[in-house]
Amino acid sequence: MKTAKIIIDDREHEFPLVTGTEQERAIDISDLYAKTGCITLDNGFQNTGACASAITFIDGDKGILRYRGFDISELADKLSFVETAYLLIYGSLPTIDQKSLFSRYLTENSMLHEDMIHYFVGMPPRAHPMAILSSMVNSLSIFYPLSFVDDENPQEFDRIAARLISMIRTIAAFSYKKSIGEPFVYPRHDLKYCMNFLNMMFSSPVKPYEFDLEAERVLNKLLILHADHEQNCSTSTVRLVGSSMVNLYASVCAGICALWGPLHGGANQEVIDMLEDIQRNGRKVKDVIAMAKDKTKNFRLFGCGHRVYKNYDPRAKILKDTCATFLAGRHANDPLLSIALELEDAVLHDDYFIERKLYPNVDFYSGILYRALGIPSAMFTVMFAIGRMPGWIAQWREMHDTKPFRIGRPRQVYVGPAHRSLP
Ligand code: ACO
């Protein structure tokens, strides 16, 4: 076994060197404190591996993303979101029987408990859809109570997982209908996952939704691209909250709240706001770039930069191409796409962004596609959450199955006042 040596006060301590499947290396410091009396300090967890995981692999330098070993581009081209969800949660592609059982659970759990509808009635129409989503997902534990997932009854986990993946879609569509003052459209048992969502969003009593296969294909791709991304802010939150042994609904609700922030999933809404602002006010791209570089301004180029990718985010590449083909197929032209392309070109040729290895991330082009699908910008982060749900569930389950099971509990270096007495 290879080891790493740390010297503290002239004493040498040895720690195991752990190597992952893709040869990434980590120093296992689980007994660092016991051996040395020291802890590690890593602001923002930039170098801390919080777990070993077999779900998603990212090589940020090469721009690689794989779920369970499969390249993201292959998955996005060939699988359905439901198959991808199964792959993430259960570790392998479903057999025909497994797929039909999983689909049955999704269908059976698509309807919200009718009493939950009253919650929507009391919510102000201008409420942010992410606030509605997190409240409603948390309230699933009121309507479908559970203490923890029963190890003796794996089917219980299967049903809860399917309920979350299915109901988040219904909640999202209902919150949209609420915001525009239209009656809710209930899920249909004869429609597949993505088409069912589009129907709940865009059917109305006066005009039924005209099934749009191309829109379904694009939505499917968007959801797959968002389905997991290893130990990001929201997923780490789900794991940390879940490690207290609270139920899965509460754990993913915390993940939804973490996703909402503009530095994380909320960036997709910020990108469109930024592009619209450039268009509305006739701003020049070079001025926006200058503002993003100016440290005296509290402004960042949203949809750009990533903690792990120091190369082009592979999801952004797929979304950029999908934007072009989807809009061309509809003979549509979104001026925001032209602005985004101009911004990207400026970023890729500017020393500030080159030196810091800042490239477009998943949020840079996703909003343009959501807009083309007719989804309003306030819903963009909700769409991200629908896509991310299988990943959160898979990560929660893996965390729960890890032996020995440990509550997540980081340490700190205290820098406040030393001991003192009251006057
Ligand atoms: N615009 C301008 N400068 C940036 C940007 C940006 N979008 N992103 C990073 N930088 C600069 C920082 O100012 C910093 O510069 P400095 O070294 O001169 O101080 C340097 O690049 C490193 O940035 P950090 O914030 O230290 O990098 P970190 O890994 O902590 O942050 C993050 C990553 C939060 C994604 C950041 O790049 C950012 O704020 N991007 C914009 C928001 C965004 O798009 N978020 C979505 C990310 S993808 C996702 O979560 C789904």
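**Exercise 1. The ligand shell**

How many residues surround the ligand, and which are the closest? Describe the shell by class, and then the polar contacts within it.

*Solution.* The model is predicted.

Step 1. The ligand is surrounded by 21 residues. The closest are His-264, Lys-295, Arg-300, Leu-301 and Gly-303.

Step 2. Sorted by class, this shell holds 11 nonpolar, 5 polar and 5 charged residues.

Step 3. Polar contacts are then sought with a cut-off of 3.5 Å between N or O atoms. Leu-263 places a backbone N or O atom 2.9 Å from a nitrogen atom of the ligand. Arg-307 brings a polar side-chain atom to 2.8 Å from an oxygen atom of the ligand. In the side chain of Tyr-352, an N or O atom is 2.8 Å from a nitrogen atom of the ligand.

Step 4. The burial of the ligand completes the description. Taken alone, the ligand exposes 920 Å², and the protein buries 76% of that.

**Exercise 2. The second largest pocket**

State the volume of the second largest pocket, and determine which element gives the largest share of its lining.

*Solution.*

Step 1. The volume of the second largest pocket is about 400 Å³. Its lining comprises 18 residues, of which Ser-80, Val-82, Ser-103, Lys-192 and Tyr-193 are the closest to the centre.

Step 2. The elements that contribute two or more residues to this lining are α3 (81–90), α4 (96–108), α8 (193–202) and α9 (213–225).

Step 3. The largest share of the lining belongs to α4, with 4 residues.

Step 4. By class, the lining of the second largest pocket divides into 6 nonpolar, 7 polar and 5 charged residues.

**Exercise 3. A sheet of three strands**

Give the strand order of the open sheet that contains β4, β5 and β6, identify its edge strands, and trace its bridges and hairpins.

*Solution.*

Step 1. The open sheet has 3 strands in the order β4-β5-β6, and the pairing is antiparallel. Strands β4 (56–59) and β6 (70–71) are the edges, since each pairs on one side only.

Step 2. Consider β4 and β5 (residues 64–67), which run antiparallel and are joined by 4 bridges. Phe-57 stands opposite Arg-66 in β5, and Ile-58 has Leu-65 in β5 as its bridge partner.

Step 3. The hairpin formed by β4 and β5 has 4 residues between the strands. In its turn, Gly-63 has a positive phi of about 75°.

Step 4. Consider next β5 and β6, an antiparallel pair joined by 2 bridges. The bridge partner of Tyr-67 in β6 is Phe-70.

Step 5. The hairpin of β5 and β6 has 2 residues between the strands. Arg-68, in the turn, has a positive phi of about 50°.

**Exercise 4. Backbone geometry outside the sheet**

Which residues does a cis peptide bond join, and where is Asp-10 placed?

*Solution.*

Step 1. The cis peptide bond joins Lys-403 and Pro-404, with omega about -10°. Pro-404 is placed in the segment after α18 (380–401).

Step 2. Asp-10 is in the loop between β1 (3–8) and β2 (11–19).

Step 3. The phi of Asp-10 is near 70°, a positive value in a residue other than glycine.

Definitions and conventions. Residues are numbered from 1 along each chain as its sequence is written. This is a predicted model: local features need pLDDT of at least 70, side-chain atom pairs count only at pLDDT 80 or more; totals for chains, interfaces and linings use all residues. Side-chain values use heavy atoms; hydrogens and water are left out. On a 1 Å grid over the protein atoms alone, a cavity is a set of points where a 1.4 Å probe fits but cannot get out, and a pocket is an open set with protein on both sides within 12 Å along at least five of seven lines; lining residues have an atom within 4 Å of a point. Grid points are joined across faces, edges and corners, and a volume is the space filled by probe spheres set on the points. Ala, Val, Leu, Ile, Met, Phe, Trp, Tyr, Cys and Pro count as nonpolar, Asp, Glu, Lys and Arg as charged, and the others, Gly among them, as polar. A residue is near a molecule or strand if one of its heavy atoms lies within 4 Å of it. A polar contact is a pair of N or O atoms within 3.5 Å; within protein, one must be able to donate a hydrogen and the other to accept it, and residues adjacent in sequence count only if both atoms are side-chain atoms. Accessible areas come from the Shrake-Rupley method with a 1.4 Å probe; for residues, only the protein chains shown count as cover. Two strands pair if DSSP finds at least two bridges between them.
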